[in-house]
Amino acid sequence: MIKVFKESFGKNIIIDQPLAEYNTFGTGGRARLFIDVKTPEDLAAVVKTANKAGISYFMLGGGSNVLVSDSGYEGLVIRNCINGLKAEGTSITSGAGEELQSMVDFAAGSSLSGLEFATGIYGTVGGAVFGNAGAYGSDIGAVVESAQLVDRQGNIRTEPAEHFEFGYRYSKLKQTREFIVEVKIALKRGRREQIQAKIDEISKLRQQKLPENAKTAGCFFKNIPDPKEEFGKMAAGKLLDEVGAKDMHHGGARVYEQHANIIINDGTADTNDITELARQLKRKVMERFGIELEEEITYLGSF
Ligand SMILES: Cc1cc2nc3c(=O)[nH]c(=O)nc-3n(C[C@H](O)[C@H](O)[C@H](O)COP(=O)(O)OP(=O)(O)OC[C@H]3O[C@@H](n4cnc5c(N)ncnc54)[C@H](O)[C@@H]3O)c2cc1C
């Protein structure tokens, strides 16, 4: 298997790559194989080779929403490094490997409004589309016009927004496992100073709410649909707060004292500490409210 990849991709294939440095929790074992892809064609070739070799594969963006098993991943991790940003009229096209924040800043610099809500959301544009990342009552799905993807057979095609069936922290990619390589979003013409002011305001708000430079993946659990609540969701953090989550920890993993839905690695945690703490949190919420919390993060490897 390694030989096939070495023959096709040479030095670009890395064997036994530690993954802790590629995710924001900073935990987890190694990937048996690892490669950066910089173009859609590169990615299509990698997918075809992996299919031929019969190896499983996983796409990594910024690693800000994954929890990697301590035993690592026996397959191939493909890191999306497809970059490039361009504006055309009121649309912006971005490589899926661009940081979402770069697209927010690029939109502001192009006097285009509609992406301000995404200020401060970690990770890549592709990762945001996969999980329909959002904040403050909006999400990326609301502005996607179309996206180019590579399917599991290694074919490249473009699909309109409807293809992705965006919902709360959901896109159809969670089922099809297709990979985003380029995203086109539709915005509105705005005044640059006003857009920048909104970005600055959200930045400040997030800095107050979120731990600075902490090893975390943001909210661990999804909010719960509830039409009576603001934005139609009951905050999972509210339930967690009521079961005393903010005082809980396991090994080097602890709940952030200002936000009960955020788990932090204090620098000494392994993934097992984080999953054990998450298990305890889920159990407490189930016992008290009869509600099964669902993870917002993605697991990679065996758990
Ligand atoms: C401090 C902090 C705050 C956060 N706040 C928010 C918030 O307010 N709102 C919010 O929604 N999220 C938030 N998050 C979570 C995270 O930023 C988002 O989920 C983000 O969109 C993940 O992008 P990523 O590139 O890091 O994806 P990764 O973590 O690398 O991957 C996550 C999933 O996306 C898939 N994926 C990645 N790239 C692609 C691609 N190109 N094509 C197909 N699938 C892909 C992966 O396979 C994986 O299943 C926060 C995280 C942190 C650390």
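Helices and strands are DSSP runs, of at least four and at least two residues respectively, numbered from the N terminus. The model is predicted.

**Exercise 1.** State where Leu210 is found, and decide whether Leu210 counts as buried, exposed or partly exposed.

Solution.
- Leu210 is found in the loop between helix H6 (192-209) and strand E15.
- A residue is buried with 20 or more other C-beta atoms within 10 Å of its own, and exposed with 12 or fewer.
- Leu210 has 18 C-beta neighbours inside 10 Å, so Leu210 counts as partly exposed.
- As for distance, the C-alpha atoms of Leu210 and Val243 are separated by 21 Å, while the two residues are 33 apart along the chain.

**Exercise 2.** Describe the shell around the ligand: its residues, the elements that supply them and their character.

Solution.
- The ligand is surrounded by 32 residues, and the closest are Gly61, Gly123, Gly126, Gly127 and Gly218.
- Elements that each supply at least two residues of this shell include strand E3 (57-60), strand E13 (179-186) and strand E15 (215-219).
- Helix H4 gives the largest share, 5 residues.
- By character, 16 residues of the shell are nonpolar, 16 are polar and none is charged.

**Exercise 3.** Decide how compact the protein is, given its 303 residues.

Solution.
- The protein has 8 helices and 21 strands.
- Its radius of gyration is 20 Å, and the globule rule gives 19 Å for 303 residues; the two values are close, so the protein is as compact as a globular protein of that length.
- Along the principal axes, the C-alpha trace spans about 55 × 50 × 30 Å.
- Of the 303 residues, 44% are buried.

How values were computed: Residues numbered from 1 in each chain as written. Predicted model: local features only at pLDDT ≥ 70, side-chain atom pairs only at ≥ 80, totals over all residues. Rg over C-alpha atoms; globule rule 2.2 N^0.38 Å. Near = placed C-beta within 6 Å. Nonpolar A, V, L, I, M, F, W, Y, C, P; charged D, E, K, R; others polar.
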